[in-house]
Amino acid sequence: MNYIELDLKVDPEFSEILMAELGEAGYESFVETDEGLLAYIQEEDFREEAIADLTAKYLDLTTIAATWKSLERRNWNEEWEKSYEPIEVGDQVRVRATFHEPDPSFTYDLLIQPKMSFGTGHHETTWLVMNEQLNLPHERLSIMDVGCGTGILAILAYKLGAAHLLGFDIDEWAVENTRENFAMNDLPADSEVFQGTIQDVPEAKIFGGVLANINRNILLAEIPTYVQHLEPGGWLVTSGFYETDQADIEKCAAENGLKKLRSNTRNQWATVVFEKIK
């Protein structure tokens with residue numbers, strides 16, 4: 001599986017809104033540069049006409065130019081190793097690569113082999129979910145990570161006291177990387193990771209917490225299933241959608257027996273925390 005690297009030359013003040021646009025179009029990863037933005041998408045999902053439409057949309061607002069190239073898997077990983085910087089959530093969580101020195105001033109030190117930026121904390125929604133995890137009970141709970149990416153949310157759940165972890169993703173690279181990152185962070189051998197969807201999780205598996213950083217459409221379709229896997233009083237963290245979609249997510253959750261605890265936003269992205277009504 002190859003990735004396309006899209007190189008957008010644009011005024012940096014437009015980077016955030018372009019990341020939001022591209023994220024909606026299926027782009028998984030982003031790196032801000034001095035000249036604009038690099039964005040990454042699986043080759044099979046790349047649409048040249050979509051880029052033409054995007055550049056035309058912003059041409060009256062800023063100078064914008066787009067070029068792209070195909071990256072082999074090896075080169076994809078090398079790009080992230082060159083560009084990856086540690087991510088900090090307040091003064092408690094620090095996500096670092098193997099080539100960064102630890103910082104003992106942070107309570108939670110998460111070690112990853114960076115292979116995808118979406119999932120390592122660079123994306124707003126990943127930061128938002130980790131920030132919420134710090135204020136949720138994890139001790140001795142079973143936690144499910146829906147669309148685990150690099151496994152970063154599950155790793156933080158373990159460091160916060162979770163007793164058992166289950167993660168899954170439809171992308172084989174994500175599953176491979178999650179397993180690698182679990183091992184680097186000394187997660188228990190019985191931590192489960194598989195390639196698949198929520199439909200592949202046995203009905204009998206019940207969790208005290210569910211982390212679902214996906215996207216609006218998948219959340220609306222799958223929230224009823226997440227609820228079935230939640231114990232009474234268990235929590236669900238949803239993210240991966242814009243502020244404008246928050247009302248739809250909250251309505252779906254309420255219709256399925258969830259009570260809203262709180263919400264937060266960051267650069268137009270949103271997260272909402274729910275509790276299953278006992």
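The following exchange goes through a predicted model, from its confidence to its sheet, helices and cores.

Trainee: Where in the protein is confidence lowest, and where is it highest?

Mentor: The mean pLDDT of the protein is 90, and 93% of its residues reach 70 or more. Helix α3 (residues 73-83) has the lowest confidence, with a mean of 64. The highest, at 98, belongs to strand β8 (residues 142-146).

Trainee: In the open sheet of four strands, which strands stand at the edges?

Mentor: The strand order is β2-β3-β1-β4, and the pairing is antiparallel. The twist from one strand to the next averages 20°. Two strands have a single partner strand each, so one side of each is left without a neighbour in the sheet; these edge strands are β2 (29-33) and β4 (64-71).

Trainee: How many bridges join β1 to β3, and how many join β1 to β4?

Mentor: Strand β1 (residues 3-10) runs antiparallel to strand β3 (residues 36-42), and β1 is antiparallel to β4 as well. On the β3 side, isoleucine 4 stands opposite isoleucine 41, and glutamate 5 has tyrosine 40 as its bridge partner. On the β4 side, tyrosine 3 stands opposite leucine 71. The bridges to β3 number seven, and those to β4 number eight.

Trainee: Is β1 mostly covered or mostly open, and how many of its residues are buried?

Mentor: β1 lies between β3 and β4 in the strand order. The strand is mostly covered, and of its eight residues the number buried is seven.

Trainee: Which helix or strand gives the most to the largest nonpolar core?

Mentor: This core has 38 residues, of which Val93, Val95, Leu110, Met130 and Ile143 touch the most other members. Elements that each supply at least two residues include β5 (87-89), β6 (93-97), β7 (108-112), α4 (124-133) and α6 (172-184). With six residues, the top contributor is α5.

Trainee: Which residues of α5 are buried?

Mentor: Helix α5 (152-159) is mostly covered, with six of its eight residues buried. Just after the helix, glycine 161 takes a positive phi of about 110°. The buried residues are Ile152, Leu153, Ala154, Ile155, Leu156 and Ala157.

Trainee: Which residues does the second, separate core include?

Mentor: Nonpolar side chains tend to be buried together in soluble globular proteins. Here a second core is separate from the largest one and has 25 residues. Among them are Ala212, Ile223, Tyr226 and Val272.

Trainee: Why do the buried residues of α8 lie on the same side of the helix, and which residues are exposed on the other side?

Mentor: Helix α8 (residues 246-255) buries Gln246, Ile249, Cys252 and Ala253. Those residues cover an arc of only 130° around the axis, which puts them on the same side of α8. An α-helix has 3.6 residues a turn, so residues three or four places apart point the same way. Exposed on the other side of α8 are Ala247, Lys251, Ala254 and Glu255.

Trainee: What covers the buried residues of α8, and which glycine with a positive phi comes just after the helix?

Mentor: The cover includes the helix α7 (216-228) and the strands β12, β13 (258-266) and β14. Just after α8, a positive phi of about 80° is taken by glycine 257.

Methods. Residues numbered from 1 in each chain as written. Heavy atoms only, no water. Core = buried A, V, L, I, M, F, W, Y, C linked by side-chain atoms within 4.5 Å. Buried < 20%, exposed > 50% of the residue type's maximum accessible area, 1.4 Å probe, protein only. Arc of directions from axis to C-beta. Contact = heavy atoms within 4.5 Å. pLDDT = per-residue confidence, 0-100. Pairing = 2+ DSSP bridges. Axes fitted to C-alpha atoms, helices over the stretch in contact; angles between N-to-C directions.
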